[in-house]
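Subject: The structure, plus what turned up in it

Hi,

Here is the structure to open on your side. My notes on what turned up come right below it.

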Amino acid sequence: MKTLKYFMIGILFLSFSNSHAQVSVNVNIGTPPSWGPAGYDDARYYYLPDLEAYYDVSSSNYVYISNGKWIRNRSLPSTYRNYDLYNEYKVVLTDYRGDRPYDNFKTHKSKYGKGYKGKPQKTIGQKPGKGNNKEKHDNGHHGNGNSGNGHGNGKH
């Protein structure tokens, strides 16, 4: 009987220690914005070529030059109030882990100049209002015939 008791205690001990050994690590760096490109949940920064600026997913801040200095702000400057983040291209920086993406600004600016377009992107969420999600790439879904041209083709 003692042997059975020790055996059961041993089994309980082993199962308890195994359950603690199976720890899952899930790093959530922030909630991506609805205009962010789908499929990049672990990215911290987007480079916005047409603005020559960055978006920090972890702090929900834009990072851009103002008066010759890089600043972080919750919103874009008023100069870009008509900029359509849903329809413009975002470069996802998957290879940078620091706090100063602008240290690579010269490289990003030359590699992804204004007007840069890579592979077609789908946004995480729907664009408010018309319900369009990258209208120019959605093969006619949700289009109403009154929009379509002009979004994402001009400089803002």
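Start with residues 132–156: pLDDT stays under 50 there, yet the model has 42 contacts beyond four places in sequence for this stretch. This is a predicted model, and where pLDDT is low, the predicted coordinates should not be read in detail. Residues 18–28 also stay under 50, and for them the model has 0 contacts beyond four places in sequence. For the protein chain as a whole, pLDDT averages 78, with 64% of the residues scoring at least 70.

Now the charged pairs. The count comes to 7 salt bridges. One of them joins Arg44 and Asp56, at 3.2 Å from N to O. Arg44 sits in the loop between α1 and β1 while Asp56 is in strand β2, so this bridge ties together parts that are 12 residues apart in sequence. Arg44 counts as buried at 18% relative accessibility, and Asp56 is buried too, with a relative accessible area of 0%.

Asp56 has another partner: Arg72, with the closest N and O atoms 2.7 Å apart. Here strand β4, which holds Arg72, is tied to strand β2, which holds Asp56, so parts 16 residues apart in sequence come together. Arg72 counts as partly exposed, at 36% relative accessibility. Add Asp99 and you have a network of salt bridges linking Arg44, Asp56, Arg72 and Asp99.

Next, have a look at Asp50, in the loop between β1 (45–48) and β2 (53–56). What is the nearest side chain of opposite charge to this buried residue? That would be Lys117, 4.4 Å away, and Asp50 has no salt bridge. The cut-off for a salt bridge is 4 Å, so the 4.4 Å to Lys117 does not qualify. What Asp50 does have is the backbone nitrogen of Gly115, which lies 2.6 Å from a polar atom of the Asp50 side chain. Leaving aside residues up to four places away in sequence, Asp50 touches Tyr83, Glu88, Lys114, Gly115, Tyr116 and Lys117.

Two of those contacts, Glu88 and Lys117, meet each other in a salt bridge (3.2 Å, N to O). Glu88 is in the loop between β4 and β5 (91–93) and Lys117 in the segment after α2, so the pair links distant parts of the chain, 29 residues apart. Glu88 counts as buried at 0% relative accessibility, whereas Lys117 counts as partly exposed at 38%.

Last, the aromatics: the count comes to 14 aromatic pairs. Trp35 and Tyr55 have ring centres 4.9 Å apart and planes at 70°, so they are edge-to-face. Trp35 lies in the loop between α1 (2–21) and β1 and Tyr55 in strand β2, so the pair ties together parts that are 20 residues apart in sequence. Both Trp35 and Tyr55 are buried.

Trp70 and Phe105 are edge-to-face as well, because their planes stand at 75°, with ring centres 5.2 Å apart. This pair ties strand β4 (residues 69–73) to helix α2 (residues 105–111), parts that are 35 residues apart in sequence. Trp70 is partly exposed, with a relative accessible area of 24%, while Phe105 is buried at 12%. Trp70 and Phe105 also belong to one aromatic cluster, together with Tyr47, Tyr54, Tyr89, Tyr102, Tyr112 and Tyr116.

Cheers

Notes
Residues numbered from 1 in each chain as written. Predicted model: local features only at pLDDT ≥ 70, side-chain atom pairs only at ≥ 80, totals over all residues. Heavy atoms only, no water. Helix = DSSP H or I, 4+ residues; strand = E, 2+ residues; numbered from the N terminus. Buried < 20%, exposed > 50% of the residue type's maximum accessible area, 1.4 Å probe, protein only. Lys, Arg positive; Asp, Glu negative; His and termini not counted. Polar contact = N/O pair within 3.5 Å; in protein donor to acceptor, adjacent residues only side chain to side chain. Contact = heavy atoms within 4.5 Å. pLDDT = per-residue confidence, 0-100. Phe/Tyr/Trp six-rings, centres within 6.5 Å; stacked < 30°, edge-to-face > 60°.
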